[in-house]
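Colleague: I would like to go through how the helices pack in this model. Please show it first, and I will ask as we go.

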Amino acid sequence: MKTKILKTEQEYNEACKRIYSLINSTDNPILPDSQEGEEMELLSLLVEKYEQEKFHVEAPAAIEAIKFRMEQMNLKQSDIAPLFGGKTRISEVLNGKRTLTLKMIVLLNKYLGIPLESLVNGNKEIKLEAEKREKLLSIAAIKEYFTNTRAAVL
């Protein structure tokens, strides 16, 4: 297969099929410095680039990220209650009655490895009042940044 920047879904599918065939072509591991290893690494980079551009995945909501990590690590609420300040507080957070504090976010990232993006961007209920939002967006530099980066709703 000729390697080039993937621009169409057909090219993407062909690259994925080639990677699959390389992986399953032998019982022996593919060595990184071999011709097959080099081809697979290059195709993997091209596939990853295509996927990042075409299949943008948003960070999960904070509560979902926490529950998912608890399931992965086989943890109970009582196991991680110290990260929240107690059993009552973790229950309130996981039931959507209390938002995460900055301290909780930092501790969840540090001790459970939950990505900050999930803990911060996933918090969709935090919004700026319409009047304050309009005032901010009346400033050219902020409006340009907001428009260009497609930032989350202020």
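Colleague: Which residues of H4 meet H5?
Modeller: This is a predicted model. On the H5 side the contact uses Lys-87, Arg-89, Ile-90, Ser-91, Val-93 and Leu-94. By class, the contact of H4 with H5 comprises 6 nonpolar, 3 polar and 2 charged residues. The H4 residues are Gln-77, Ser-78, Ile-80, Ala-81 and Phe-84.

Colleague: How are H4 and H5 oriented to each other?
Modeller: Two packed helices are described by the angle between their axes and the distance between the axes. For H4 and H5, the axes come within 8 Å and cross at roughly 95°. Angles of 65 to 115 degrees count as roughly perpendicular, so H4 and H5 are roughly perpendicular to each other.

Colleague: Which helix gives the most residues to the largest nonpolar core?
Modeller: That core has 19 residues, and those touching the most other members are Ile-66, Ile-80, Phe-84, Leu-100, Leu-108 and Leu-119. The elements giving two or more residues to the core are H3 (62-72), H4 (77-84), H5 (87-94) and H6 (102-112). With 5 residues, the one that gives the most is H6.

Colleague: What does Ile-66 contact, leaving aside its neighbours within four places in sequence?
Modeller: Ile-66 is among the core residues that touch the most other members. Its contacts beyond those neighbours are Ile-80, Phe-84, Leu-94, Leu-100, Leu-108, Ile-114 and Leu-119.

Colleague: How many residues are in the second core?
Modeller: This core is separate, and its members include Leu-6, Met-40, Val-47 and Tyr-50. Its size is 10 residues.

Colleague: What is the handedness of the crossing of H1 and H2?
Modeller: The axes of H1 (residues 9-23) and H2 (residues 35-54) come within 10 Å, crossing at roughly 145°. The handedness of this crossing is left-handed.

Colleague: How many residues of the contact of H1 with H2 are charged?
Modeller: H1 contributes Glu-9, Tyr-12, Ala-15, Cys-16, Arg-18, Ile-19, Leu-22 and Ile-23. From H2 come Glu-36, Glu-39, Met-40, Leu-43, Ser-44, Val-47, Tyr-50 and Glu-51. By class, the contact has 10 nonpolar residues and 1 polar, and the charged ones number 5.

Colleague: Is Asn-74 buried or exposed?
Modeller: Asn-74 lies in the loop between H3 and H4. Its phi is near 55°, a positive value in a residue other than glycine. The cut-off for exposed is over 50% relative accessible area; Asn-74 has 69%, so Asn-74 is exposed.

How values were computed:
Residues numbered from 1 in each chain as written. Predicted model: local features only at pLDDT ≥ 70, side-chain atom pairs only at ≥ 80, totals over all residues. Heavy atoms only, no water. Axes fitted to C-alpha atoms, helices over the stretch in contact; angles between N-to-C directions. Helix = DSSP H or I, 4+ residues; strand = E, 2+ residues; numbered from the N terminus. Left-handed = near helix turned anticlockwise from the far one by under 90°. Contact = heavy atoms within 4.5 Å. Nonpolar A, V, L, I, M, F, W, Y, C, P; charged D, E, K, R; others polar. Core = buried A, V, L, I, M, F, W, Y, C linked by side-chain atoms within 4.5 Å. Buried < 20%, exposed > 50% of the residue type's maximum accessible area, 1.4 Å probe, protein only. Parallel < 35°, antiparallel > 145°, perpendicular 65-115°, else oblique.
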